Amino acid sequence: MNTREFTPFENKIWLSTPTMHGDELKYMTEAYETNWMSTVGENINEVEKLTAEKTGCRYAVALSSGTAALHLAMKVAGVERGDVVLCSDMTFAATVNPVVYEEEVPVFIDTEPSFF
């Protein structure tokens, strides 16, 4: 058993900080006032259109989270129940959740080359 004592950080170290520097508040207010606080609506349609144009794709789909994006990617890739899915061992649970949702088998692989 490790008996070392750990000292908590005096200041928080943010993984990502919420920021507003442009028209974000304007768009949030517009979505609220038009009753489109949702994953659908005019603003989302425009983001999807611009993304498709920028990437040269016919279509783009905006999703509610990275987890939803990984879930969709696995569906599109044809991963099926019982398939083995290699997952980084240095990750958040949310990145493995789609594997579990679809009853696939997560296999964690090491991220450190010294262990290969």
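Buried residues account for just 10% of the 116 residues in the protein chain, where buried means under 20% relative accessible area. Keep in mind as you look around that this is a predicted model. The accessible surface of the chain comes to about 10300 Å², and carbon and sulfur atoms hold 59% of that area.

Let's turn to the overall layout. The protein chain has four helices and two strands, and if you follow the sequence along you will meet them in the pattern α-α-α-β-α-β. The radius of gyration of the protein chain is 20 Å, well over the 13 Å that the globule rule gives for 116 residues, so the chain is more spread out than a compact globule. You can also look at the C-alpha trace, which spans about 55 × 45 × 25 Å along its principal axes. As for how the chain meets itself, take the contacts between residues at least 6 apart in sequence: 23% of them join residues at least 24 apart.

Now for a place to zoom in. The largest pocket has a volume of about 290 Å³, and its lining is made up of 14 residues. To find its centre, look for Tyr27, Ala31, Trp36, Asn43 and Ile44, the lining residues that lie nearest to it. Which helices help to build this lining? Both α1 (24–33) and α2 (42–55) supply at least two residues each, and α1 gives the most, with five residues. Sorted by class, the lining of the largest pocket holds seven nonpolar residues, four polar ones and three charged ones.

Terms used. Residues numbered from 1 in each chain as written. Predicted model: local features only at pLDDT ≥ 70, side-chain atom pairs only at ≥ 80, totals over all residues. Heavy atoms only, no water. 1 Å grid on protein atoms, 1.4 Å probe; cavity = no way out; pocket = protein on both sides within 12 Å on 5 of 7 lines; lining within 4 Å. Points joined across faces, edges and corners; volume = space filled by probe spheres on them. Nonpolar A, V, L, I, M, F, W, Y, C, P; charged D, E, K, R; others polar. Rg over C-alpha atoms; globule rule 2.2 N^0.38 Å. Buried < 20%, exposed > 50% of the residue type's maximum accessible area, 1.4 Å probe, protein only. Contact = heavy atoms within 4.5 Å. Areas by Shrake-Rupley, 256 points an atom, 1.4 Å probe, with all protein chains shown as cover.
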